Amino acid sequence: MRMRRKNNLEGRLKACGDRIIYMDRDVLDFSVKDDKDILDLKKLFKRDGPVELEIGCGKGQFIREMAKRCPGTNFLAVELSSNVIVEAAESAMEEGLENVIFLRGNARYLDCFIPEKSVRCIYLNFSCPYPKNSYYNHRLTYKDFLEIYRKILVPEGEVYQKTDNMHFFEFSIEQFTANGFGLKNISLDLHHSGFEGNIVTEYEKRFSDMGMPIYRLEAYMIR
Ligand SMILES: C[S@@+](CC[C@H](N)C(=O)[O-])C[C@H]1O[C@@H](n2cnc3c(N)ncnc32)[C@H](O)[C@@H]1O
């Protein structure tokens with residue numbers, strides 16, 4: 001189902017100013033890389049510092065809480081939908097969080113905008129599982145996405161995934177292990193695992209309230 005555009009969406013997006021960066025470019029063929037599209041992260045955050053990235057941030061609860069807990073870290077949050085990213089950016093501005101910037105667009109094109117080897121870790125929180133077999137290549141742990149993560153992560157960088165969907169979790173494990181990533185700290189029931197410091201996202205609360213276990217893994221590059 002397509003989401004209805006919110007009232008005054010354009011005005012609200014405009015009011016967020018450069019808190020939202022649009023992953024749009026002059027050359028529409030994204031397979032053609034153009035250095036001028038690569039973001040200057042130091043300029044963007046007005047400081048140096050480690051960079052962490054969430055993909056599919058929704059309304060931004062997770063990334064805003066991370067930004068509060070880790071004021072020395074710079075956070076990027078990617079989201080496809082303008083309807084939801086506008087809420088995330090407005091909340092971050094209301095909360096006075098200077099260390100989180102939002103990127104509107106498809107994670108598929110991240111390597112056109114994010115410098116190589118610049119991201120310390122990537123958070124995939126309740127990414128859409130795309131259960132239809134024919135949509136497997138839209139899943140954010142499909143090999144093509146893993147190749148993009150490999151480019152933008154620092155060599156010791158890691159990917160952290162949480163999901164409620166067992167089939168998607170299995171698919172992710174297969175994709176990570178077949179594509180040069182090792183796995184650690186795998187949990188099949190995060191909320192009863194003793195894991196400390198978990199930030200419960202909007203979707204996580206929804207699924208957990210329904211009694212569903214939450215799956216989590218950490219992936220690191222081995223080649
Ligand atoms: C199920 S929601 C989860 C939102 C939030 N992470 C949470 O846990 O509450 C998944 C979000 O990922 C976004 N998304 C899906 N595919 C994406 C892609 N290829 N690039 C960027 N965002 C994407 C969707 O628009 C949606 O807002």
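Two residues are in contact if their C-beta atoms, placed from the backbone, lie within 7 Å. By this criterion, 78% of the contacts in the chain between residues at least 6 apart in sequence join residues at least 24 apart. The model is predicted.

The chain holds seven helices and eight strands. Its radius of gyration is 17 Å, close to the 17 Å that the globule rule gives for 223 residues, so the chain is as compact as a globular protein of that length. The C-alpha trace spans about 40 × 40 × 40 Å along its principal axes. Of the 223 residues, 35% count as buried.

Strand S4 covers residues 100–104. Five of its five residues are buried, so S4 is largely enclosed by the rest of the structure. The cut-off for burial is 20 or more other C-beta atoms within 10 Å of the residue's own. In a regular strand the side chains alternate between the two faces of the sheet. On one side of S4 lie Val100, Phe102 and Arg104. On the other lie Ile101 and Leu103. Both faces are covered.

S4 pairs with strand S1 (residues 20–22) in the parallel sense, over three bridges. Here Ile20 has Phe102 of S4 as its bridge partner. S4 also pairs with strand S3, again in the parallel sense, over five bridges. In this pairing Ala77 stands opposite Phe102. The chain crosses from S3 to S4 through helix H4 (residues 82–94), and this β-α-β crossover is right-handed. Leu76 is likewise placed against S4, with Ile101 as its bridge partner.

Strand S3 spans residues 74–79. S3 is mostly covered, with six of its six residues buried. Asn74, Leu76 and Val78 point one way from the strand. Phe75, Ala77 and Glu79 point the other way. Residues on both sides are buried. S3 pairs with strand S2 (residues 51–55) in the parallel sense, over five bridges. Within this pairing, Val78 of S3 is the bridge partner of Ile55. The two strands are joined in a right-handed β-α-β unit, made by S2, helix H3 (residues 61–69) and S3. S3 thus has two parallel partners, S2 and S4.

S3 also takes part in the surroundings of the ligand. Strand S3 and helix H7 (202–209) each supply at least two residues of the shell. H7 gives the most, with three residues. There are 20 residues around the ligand. Those that come nearest are Gly56, Gly58, Phe126, Thr201 and Tyr203. By character, the shell divides into nine nonpolar, seven polar and four charged residues.

Val200 is found in the loop between strand S7 (181–187) and H7. With 17 other C-beta atoms within 10 Å, Val200 is partly exposed. This count falls short of burial because the cut-off for a buried residue is 20 or more such atoms. Val200 and Cys70 are 130 residues apart along the chain, and their C-alpha atoms are separated by 16 Å.

Methods: Residues numbered from 1 in each chain as written. Predicted model: local features only at pLDDT ≥ 70, side-chain atom pairs only at ≥ 80, totals over all residues. Near = placed C-beta within 6 Å. Helix = DSSP H or I, 4+ residues; strand = E, 2+ residues; numbered from the N terminus. Nonpolar A, V, L, I, M, F, W, Y, C, P; charged D, E, K, R; others polar. Rg over C-alpha atoms; globule rule 2.2 N^0.38 Å. Buried ≥ 20, exposed ≤ 12 C-beta atoms within 10 Å, placed from the backbone. Pairing = 2+ DSSP bridges. Right-handed = clockwise from strand over helix to strand, strands pointing away.
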